Structures are given as structure tokens and as C-alpha cells.
Amino acid sequence: MKLLVTGGAGFIGSAFVRLLLAERPDCHVVNLDKLTYAGNLENLAAVADSPRYRFVKGDIADGPFVMDLFAQQKPDAVVHFAAESHVDRSILSPDPVVRTNFYGTFCLLEAARVHGVARFHHVSTDEVYGSIEEPHDADENYPLKPSSPYSASKAGSDLLALSYHTTYKLPVTVTRASNNYGPYHFPEKLIPLMISNALEDKSLPIYGDGKQVRDWLYVDDHCRAVLAVLEKGRAGEVYNVGGSLALENVEVVRRILRATGKPDSLMITVTDRPGHDRRYALTSDKLERETGWAPLMPFDEGLSRTVRWYQENTGWVGRVKSGAYREYYEKNYAGR
Ligand code: NAD
Ligand code: DAU
């Protein structure tokens with residue numbers, strides 16, 4: 001089986017490629033990635049020499065290039081991770097977000113339709129449901145009410161992918177996962193930013209009152225869910241993937257401070273994110289019932305593994321924080 005994985009040099013995509021090559025000896029992977037600031041081939045050092053792995057640098061939103069790639073590689077299935085994934089960046093600069101997340105998904109769907117792939121798996125997010133009022137948890141039929149350009153572009157691409165199933169009978173599946181954490185996470189998102197700042201004795205910027213709630217999912221649990229849906233999910237269906245652990249942001253940051261042995265005084269309050277969703281909460285009952293998947297990693301163990309990884313990989317952190325990232329961070333966050 002030959003899989004085209006998009007965005008395989010990013011945080012979750014690289015974990016998925018590593019998992020797939022380790023656990024499915026009959027699988028060959030072509031990784032299509034543009035290597036934006038978030039894409040890093042160091043994340044794939046463990047598989048770079050595998051005869052079953054091939055890297056192709058390219059843009060999913062370049063339609064003719066994508067069509068040619070499908071003609072050359074003839075993938076059996078597509079697992080689509082590539083995206084501009086950061087909400088704050090999507091607020092500051094929505095253009096590449098809409099282009100990659102919506103138009104890029106369209107280019108892949110067209111190529112998949114023309115070349116008749118056996119499965120197109122679209123990796124999406126719980127953010128498409130928007131903020132969810134207590135006591136509800138979103139199931140897959142919950143209304144879509146995205147708040148940011150990022151989540152709206154993901155909701156649009158979910159609907160476009162599902163329309164290719166309805167209209168062209170393309171065997172599409174969609175997963176909507178909650179907040180991931182783990183090794184190789186780019187240090188602009190809450191958990192890796194707070195860990196790397198704490199390790200450097202820098203302040204930890206909490207948006208607003210810090211009482212926003214997120215459901216945390218260890219990255220390998222997410223990757224096993226994607227694999228389960230690829231192998232056992234029904235075409236045309238959406239599956240939520242949650243970690244079954246909802247925590248307020250301040251509580252997550254306190255646990256990071258405890259795990260790194262740093263004082264609470266490092267926490268500072270900064271201006272809130274515009275349109276900030278208050279609470280994400282979802283049920284993964286459908287996925288568990290249909291595929292037998294369940295999240296395996298307890299949060300405190302996953303967090304200490306993640307902290308240890310950042311302590312042991314300061315070189316990786318230093319390299320990803322240099323260059324274009326430094327420019328972005330200093331322009332938008334310096335002095336907070
Ligand atoms: P990431 O930002 O770490 O990686 C994104 C990857 O996509 C990078 O390797 C980047 O180079 C590549 N990419 C970006 N634009 C591209 C383009 N135009 N063409 C080709 N490649 C391009 O993202 P992530 O956190 O690993 O997220 C992966 C997917 O999972 C995304 O679709 C995201 O919406 C979804 N998701 C993420 C989370 C999370 O908590 N991080 C949760 C649920 C769903
Ligand atoms: O829910 C799934 C989504 O989770 C994914 O679709 C996105 O790709 C991923 O980036 C993530 O989005 P969030 O906006 O929830 O993640 P982020 O890590 O940016 O923020 C988590 C929470 O922490 C959110 O309430 C904002 C807050 N926050 C974030 C940062 C970066 C802070 O308080 N301070 C910060 O510096």
C-alpha cells in the first residue's frame with residue numbers, strides 16, 4: 001500500500017509517518033510538505049533512510065504540481081495533515097491559512113478524484129464546532145460555528161471533502177481531534193511554548209483570565225486514531241478524537257511549572273486572543289464504538305515525557321526558534 005501523507009514534516013504528520021513505518025511493514029510513504037516555518041525534516045531523521053519512505057518538497061495549493069505528483073506516484077490513499085495550524089497566526093495573517101487549508105485541500109481532492117484513490121483521509125479539528133457551552137460535549141452532528149480564520153478554513157475544507165464523497169463518491173473520511181501535545185511540537189502553541197519558556201526562565205503569557213478549557217490528546221494517541229479510521233472507518237463519515245481530559249489553561253501551565261521545577265511567578269497575564277473560544281469539549285464515542293480506539297496516555301505521564309523531551313532536545317528548540325520564527329515572535333510577542 002502506498003500512502004501520500006501531506007504535512008508529514010510537521011508535529012503530528014511526522015509522528016504519524018514514524019508510527020506508520022514502524023507498525024505497518026507493507027506500507028510505503030510519500031511525504032509531500034512545503035517545509036514552511038513549521039515543517040522540519042529533523043522530525044523525520046528516524047525514518048529518512050528507510051527504503052519505504054520518500055520526501056517530496058511541494059505546495060498542496062499548486063494544483064498542476066499536485067496533479068502531476070498523483071500521476072507519477074499513483075498513491076492508493078491520502079492522509080492529509082498539511083495546514084497552517086496556528087490560530088494566532090491565522091488572526092494576524094489569514095491569507096496563507098485560507099490558501100493552504102481550503103484551496104490546498106481542494107487541489108488534493110481534485111487530484112484524488114481524477115486518479116481514483118481508494119481513500120482520502122482529511123485531518124481536521126474540534127475547533128470547527130466553536131466554543132461549546134457547558135454541560136454539552138460536541139458529537140459529530142454538533143453545528144459548525146468556527147470562530148477564527150484557522151477554524152473557518154478547516155470547517156470549509158471538511159465540508160468540501162465531504163462534498164466530494166457525496167457528489168463524486170470519493171471515499172473520504174474526516175477526523176476532528178482536540179488539542180495535541182507531545183515531542184516535536186512547535187514552540188508557539190501553549191504547551192511547548194510554556195515548557196521552553198519555563199526552561200529558559202522566561203515569562204509564561206496567559207491570555208485573558210486563563211480559564212479557557214481545552215481537551216488534551218497525546219500526539220501518538222491521535223495518530224493511532226487516524227490509522228484506525230484509515231483502516232476501519234466508513235467512507236463519508238466524520239469521527240471526533242478527544243483525549244477525555246478537559247483542563248483550564250492556567251491549570252496546564254501550573255502543572256508545567258511543577259514538572260520543570262519553576263515558580264508560579266513566571267506566569268503573566270497578557271491581552272486575550274480576539275474571538276477566543278472559551279471551551280472545547282467533545283465525545284469520541286463513535287470512534288471508540290466503530291474502531292475500538294481509546295486514548296492510552298494519561299495526561300501527567302504524557303506531560304512529563306514531553307517536558308523531558310524538551311529538556312533533552314534544546315538544540316532542536318534553538319534551531320526552530322531561530323530565523324523566520326524569531327522574526328514573527330519578536331514582532332508580535334516581544335515585551336509581553
Ligand atoms: P504543524 O503546523 O506542526 O505542521 C503543518 C505541516 O504542514 C508543516 O510540516 C508544514 O510545512 C506543512 N505545510 C503547510 N503549508 C503547506 C502547503 N501549502 N503545502 C504543503 N505542506 C504545507 O501542524 P500540526 O499541529 O502537526 O497539525 C497537522 C494537522 O492536524 C493540521 O491539519 C491541523 O489542522 C490538524 N490538527 C492539529 C491539532 C493540534 O493540536 N496541533 C489538533 C487537531 C487537528
Ligand atoms: O483544538 C485543536 C486545535 O488546537 C488545533 O486545531 C490547532 O491546530 C492547535 O493549534 C490548537 O489550537 P489552540 O488555539 O487551542 O492552541 P494553542 O496552543 O494556540 O492555545 C491553547 C490555549 O492556550 C488557548 O486557549 C489559547 C491559550 N494560550 C495560547 C498561547 C500560545 C495562552 O494562554 N497563551 C499562549 O501564549
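A backbone N or O atom of serine 85 lies 2.7 Å from an oxygen atom of ligand 2. This is a polar contact, defined as a pair of N or O atoms within 3.5 Å; within protein, one must be able to donate a hydrogen and the other to accept it, and residues adjacent in sequence count only if both atoms are side-chain atoms. The model is predicted: local features need pLDDT of at least 70 and side-chain atom pairs count only at pLDDT 80 or more, while totals for chains, interfaces and linings use all residues. Residues are numbered from 1 along each chain as its sequence is written, chains are lettered from A and ligands numbered from 1 in the order in which they are written, and side-chain values use heavy atoms, with hydrogens and water left out.

**Polar contacts of the two ligands**

| Ligand atom | Protein atom | Distance |
|---|---|---|
| Oxygen of ligand 2 | Side-chain N or O of tyrosine 150 | 2.6 Å |
| Oxygen of ligand 2 | Backbone N or O of tyrosine 207 | 2.9 Å |
| Oxygen of ligand 1 | Polar backbone atom of phenylalanine 11 | 3.0 Å |
| Oxygen of ligand 1 | Backbone N or O of isoleucine 12 | 2.8 Å |
| Oxygen of ligand 1 | Side-chain N or O of tyrosine 150 | 2.6 Å |

Taken alone, ligand 1 exposes 840 Å², and the protein buries 97% of that. Accessible areas come from the Shrake-Rupley method with a 1.4 Å probe; for residues, only the protein chains shown count as cover.

**Surroundings of ligand 2**

There are 24 residues around ligand 2, and Ser85, Asp126, Tyr150, Arg273 and His276 come nearest. A residue belongs to such a shell if one of its heavy atoms lies within 4 Å of the molecule. By class, the shell of ligand 2 has 10 nonpolar, 8 polar and 6 charged residues. Here Ala, Val, Leu, Ile, Met, Phe, Trp, Tyr, Cys and Pro count as nonpolar, Asp, Glu, Lys and Arg as charged, and the others, Gly among them, as polar.

Helix H6 (190–199) and strand E8 (204–207) each supply at least two residues of this shell. Helices (H or I, at least four residues) and strands (E, at least two) are DSSP runs, numbered from the N terminus. In H6, 8 of the 10 residues are buried, meaning under 20% relative accessible area with a 1.4 Å probe and protein chains only. Among them are Ile191, Leu193 and Asn197. After H6 comes aspartate 201, with a positive phi near 55 degrees.

**Surroundings of ligand 1**

Around ligand 1 there are 28 residues, of which Ile12, Asp33, Ser85, Tyr150 and Lys154 come nearest. The shell holds 12 nonpolar, 12 polar and 4 charged residues. Helix H1 (11–23), strand E5 (119–125), helix H5 (149–168) and strand E7 (179–181) each give at least two of its residues. The largest share, 3 residues, comes from E5.

**The sheet**

E5 is also one of 7 strands in an open sheet with parallel pairing, in the order E3-E2-E1-E4-E5-E6-E10. Two strands pair if DSSP finds at least two bridges between them. The edge strands are E3 (53–57) and E10, each pairing on one side only.

Within the sheet, strand E1 (residues 2–6) and strand E4 (residues 77–80) pair in the parallel sense over 4 bridges; leucine 3 has alanine 77 in E4 as its bridge partner. Strand E6 (residues 172–177) and E10 also pair in the parallel sense over 4 bridges, and alanine 177 stands opposite valine 241 in E10.

In a regular strand the side chains alternate between the two faces of the sheet. In E10 (residues 238–241), Val238 and Asn240 point one way and Tyr239 and Val241 the other way, and all are buried.

Methods:
Buried means under 20% relative accessible area, exposed over 50%, partly exposed in between (1.4 Å probe, protein chains only).
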